[in-house]
Amino acid sequence: MENTGHRISSYGLDNHGLGNVKTAYWNLSAPQLFTEALARDEGLLSQGGAMVTVTGLHTGRSPNDRFVVEEATTKDDIWWGKVNVSMTEAHFEGLLDKMLGHLQGRDVFVQDCYAGADDAYRLPVRVVTETAWHNLFARNMFIQPDDKELPGFKPAWTVLQAPSLEADPAHDGTTSGTFIVVNMARQMVLVGGSGYAGEIKKSIFSVMNFLLPPRDVLPMHCSANIGADGNSAIFFGLSGTGKTTLSADSSRTLIGDDEHGWGPGGVFNFEGGCYAKTINLTKETEPEIFETTRTFGSIIENVVMDPDSRELDFFDTTLTENGRVSYPIEMIPNASLTGKGDHPTNLMMLTCDAFGVLPPISQLTPDQAMYHFLSGYTAKVAGTEKGLKEPQATFSTCFGAPFMPRHPTVYAKLLGDKMAKHGAKCWLVNTGWSGGGYGVGERMKISHTRAMVNAALDGRLAQGSFTEDPNFGVLVPDACPDVPDEVLNPRNTWKDKDAYDKQAKALRKLFEDNFQQFESAVDDKVKAAAIKAAA
């Protein structure tokens, strides 16, 4: 084995069972990884200087191919079911042997890094990949140690990733040739059969979600930022609800755009970078993110590029609607240098209601906040998935069910406790449709959403009067600066009031049916909030 790189850890690859690799490239810099990736035909250089790559068959996460190893030390703490599918220890060991054998005789790229900006909860992670660009992704997305730390770096967790290695479902206990396997006891993640880079970071996110709750830290699928007054805000939301867009506000300091912890000392980022969607991206709507797509060091995934001009077309969905850009967070001009903030004073729960019946913004009681946190509602619209003709409600508990190893009520209780202790206000924000559902109404104007969010964050909204929504029990402001009053009440925006009432009743029923799975695990106050919201 040949080792190259001037920051090689004394904790060698043999500790992971990796031997006889051709060359191990240790902790290469971004320019070095760029050079290696381009030389190996792993990507192309765009007009602006970013690297453009295509991930192959998988242009997004593969949730049906994700497994957690069931073993004695953690099996009673995992929320087993559709999200956390069990794999036997024997099948894991078989896949690990395949991975180690597959990497023999090949070049590998090693990146030593951290997850967690708060030193007290920081997780040392080693990511070993068979391609240079995936290693650059890990370097972008995780937190970089100081050079002086690298010679003695000892990882607590290891990710082994090989897109060209496929499993044999009949022999390996998988559902296809793709596998993403988390082993809590072995402190190891295996990723094979998928070139989608997001699997690397989301696996470690899941690990943090398992490790932190016993330490009084709420792990959250959210973005976070800080106002000029020093007050932090967090933005929960599923993909497509505006989490990244609304938090990337030039008047506020960005802590991070996707994964955070809320601990005894406040909020902290898990990552050192951002992974933003690029569909319909323009300089006018999202200038900070747009600029990163034209910057050396960024990785553009699955976006169509003109072969001659090397210009990117963010409106072309030929490859996928899930085009992405990965970049170090310092590329955002107003990003936090520490990745930390004080306890949040406001929580934003973002939902894209394609049925057009939820208020554009409403204030939640702490019990309602726990109810909506457990529900994790948004809606997919026609055209985003094959065969989807009508809007479809989606409930992803904690606004991130695929990444939650423990039972959702563990996270909800932590949320309720921290809201009560620190007096945080919670707002439900509908970034979806108004004046009718998808195909009839129009998408909420982002200028109106920003005005409502800003009024909530600076305290003006809370000082006004509210009216209880008769369908969902939430408190709707009667007025908001820079927003027409009629926009605030969703029923007023519909021409056909009877159609609104019918659709609102149908959505209430969907909430009620979904929440049945949690009723036996929450206290009476949350049950009351649920009954009120679905009455």
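So, the largest cavity: its volume is about 70 Å³, and keep in mind that this is a predicted model. Who lines that cavity? Going along the sequence, we have Arg61, Ser62, Pro63 and Arg66, then Ile180, then Glu199, Lys202, Ser203 and Ser206, and finally Pro402 and Phe403. Helix 5, residues 198-211, gives the largest share of that lining, with 4 residues. If you sort the lining by class, you get 4 charged, 4 nonpolar and 3 polar residues.

Now, how many cavities of 30 Å³ or more does the structure hold? There are 4. The second largest has about 50 Å³ of space. Its lining includes Thr278 and Ile279, Asn302 and Val303, and a run of names you can pick out on the screen: Asp313, Phe314, Asp316, Thr320, Glu321, Asn322 and Gly323. By class, that comes to 5 polar, 3 nonpolar and 3 charged residues.

Okay, leaving cavities, on to a helix pair. With two packed helices, you describe them by the angle between the axes and the distance between those axes. Here I'm looking at helix 8, residues 366-375, and helix 12, residues 497-515: their axes come within 10 Å and cross at roughly 80°. That crossing makes helix 8 roughly perpendicular to helix 12.

And which residues meet there? On the helix 8 side you'll find Tyr371, His372, Leu374 and Ser375. Across from them, helix 12 brings Phe511, Glu512, Asn514 and Phe515. Classed up, the contact between these helices has 4 nonpolar residues, 3 polar and 1 charged.

Key
Residues numbered from 1 in each chain as written. Predicted model: local features only at pLDDT ≥ 70, side-chain atom pairs only at ≥ 80, totals over all residues. Heavy atoms only, no water. 1 Å grid on protein atoms, 1.4 Å probe; cavity = no way out; pocket = protein on both sides within 12 Å on 5 of 7 lines; lining within 4 Å. Points joined across faces, edges and corners; volume = space filled by probe spheres on them. Helix = DSSP H or I, 4+ residues; strand = E, 2+ residues; numbered from the N terminus. Nonpolar A, V, L, I, M, F, W, Y, C, P; charged D, E, K, R; others polar. Axes fitted to C-alpha atoms, helices over the stretch in contact; angles between N-to-C directions. Parallel < 35°, antiparallel > 145°, perpendicular 65-115°, else oblique. Contact = heavy atoms within 4.5 Å.
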